[in-house]
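Colleague: Could you take a close look at one sheet for me, and explain the terms as you go? I'm still new to this.

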Amino acid sequence: MANTTFTGPVRSQNGFQSITVAPGTGAVTIDASFGVTTSVTNLTTTNLVFTDQNHPTTAAINATATATAAEVATGYITSTSAAATVITLPTGTLLGAALGASRGTVMDLYIDNTAGANTVTIAVATNGILSTAAADTAGSFGDLTVASGATGLARFTIMFSSATAYVFTRTA
């Protein structure tokens, strides 16, 4: 890419973005449709992966509850509870409708318990099942608990097998 300039629209979770790769330096500039610009420079790889995980809105769930589809659709849930908390995900039908999901739709859900004082446990609901990786490797991909404090951040991936059913895996 040293002698190539690439500029073009790229569809992301938050709308269209323009990505420019500068000739010679390989500097990458991402201009998001919502006015945020991110730059990455000094790239030495030819395989570029861009992930837009900006969460302008988040949801707070500080007591045991079923998360609404709108709360999960933000992609980022916080908990500051002093008591153990169970967050049950919405049904596949409700979440699929909120996301406009179809077979193959994938989204990441972050659970932030860094300000909490007790464990948060995630539970799946009707039409939501643990993936094979989660079932086979419960200690990692199937770990549905999020510790409190400095290590209390987790990423889960939700993958839709239809407009009304999803599989759930811990991915970080």
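Modeller: Here is a walk through one sheet and what packs on it. This is a predicted model, where local features need pLDDT of at least 70, side-chain atom pairs count only at pLDDT 80 or more, and totals for chains, interfaces and linings use all residues. Residues are numbered from 1 along each chain as its sequence is written, and side-chain values use heavy atoms, leaving out hydrogens and water.

The sheet is open, has 6 strands in the order β5-β7-β9-β13-β14-β11, and its pairing is mixed. Strands (E, at least two residues) and helices (H or I, at least four) are DSSP runs, numbered from the N terminus; two strands pair if DSSP finds at least two bridges between them. At the edges stand β5 (59-60) and β11 (128-130), each with a single partner strand, so one side of each has no neighbour in the sheet.

Now for β9 (residues 106-112): this strand pairs with β13 in the antiparallel sense, over 7 bridges. Y110, for instance, has R155 in β13 as its bridge partner. Helix α2 (residues 92-99) packs on the sheet and touches β9, β13 and β14, where contact means heavy atoms within 4.5 Å. The direction of α2 makes about 90° with that of β13; axes are lines fitted to C-alpha atoms, for helices over the stretch in contact, and angles run from 0 to 180 degrees between N-to-C directions.

Finally, look at F156 in β13 (residues 153-162) and F168 in β14 (residues 165-170), 12 residues apart. Both are buried, meaning under 20% relative accessible area with a 1.4 Å probe, protein chains only.

Definitions and conventions. Buried means under 20% relative accessible area, exposed over 50%, partly exposed in between (1.4 Å probe, protein chains only).
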